[in-house]
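Take a look at the chain below. The paragraphs after it walk through its layout, its pairing strands, its core and two residues in loops.

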Amino acid sequence: MGNTYIQNLKDCPFCGGKATLVTNTGFQREIVSACVECEKCNASTALYAIEKTAIKAWNMRGEQCT
Ligand SMILES: [Zn+2]
């Protein structure tokens, strides 16, 4: 498991918990996949190659949540 850090992440749309960016890095320490996960209920986005996309997907999900 790679670095875990938070930037501009909205709270979980399901439980209001804190969201965390989770990245997986390869041999060259490059990010090979990233997703955003809720620390409380473990809701998460799909895996994306770029962490910014994962963050965007998470934030958009929050907006779309009813
Ligand atoms: Zn949650």
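What follows moves from the overall layout to single residues.

This is a predicted model. Start with the layout. The chain contains three strands and one helix. Read from the N terminus, the order is β-β-β-α. The chain has 66 residues, and 23% of them count as buried. Now take the contacts between residues with a separation of 6 or more. Of these, 28% join residues that are 24 or more positions apart.

Next, turn to the strands. Strand 2 covers residues 19–25, and strand 3 covers residues 31–38. The two pair in the antiparallel sense, over seven bridges. One facing pair helps to fix the register: Glu 37 in strand 3 stands opposite Thr 20. Together, strand 2 and strand 3 make a hairpin, with five residues between them.

Now find the core. Which residues make up the largest nonpolar core? There are eleven: Cys 12, Ala 19, Leu 21, Val 22, Ala 34, Cys 35, Val 36, Cys 38, Ala 54, Ile 55 and Trp 58. Strand 2, strand 3 and helix 1 are the elements that each give two or more residues to this core. Strand 3 supplies the largest share, with four residues.

Pick out one member of that core, Ala 19. Set aside its neighbours within four places in sequence. Ala 19 is then in contact with Leu 9, Lys 10, Asp 11 and Cys 12, and also with Val 36, Glu 37, Cys 38 and Trp 58. Several of these partners belong to the core too, including Cys 12, Val 36, Cys 38 and Trp 58.

Finally, look at the backbone in the loops. Most residues other than glycine have a negative phi. Arg 29 is not a glycine, yet its phi is positive, at about 65°. Where does Arg 29 lie? Its place is the loop between strand 2 and strand 3, in the turn of the hairpin. Is Arg 29 buried or exposed? Arg 29 is exposed, because 9 other C-beta atoms lie within 10 Å, and a residue counts as exposed at 12 or fewer.

Asn 42 also has a positive phi of about 65°, although it is not a glycine. Asn 42 sits in the loop between strand 3 and helix 1, which spans 51–64. Why does Asn 42 count as exposed? Asn 42 has 11 other C-beta atoms within 10 Å, so it is exposed by the cut-off of 12 or fewer.

Terms used: Residues numbered from 1 in each chain as written. Predicted model: local features only at pLDDT ≥ 70, side-chain atom pairs only at ≥ 80, totals over all residues. Pairing = 2+ DSSP bridges. Buried ≥ 20, exposed ≤ 12 C-beta atoms within 10 Å, placed from the backbone. Contact = placed C-beta atoms within 7 Å. Core = buried A, V, L, I, M, F, W, Y, C linked by C-beta atoms within 7 Å.
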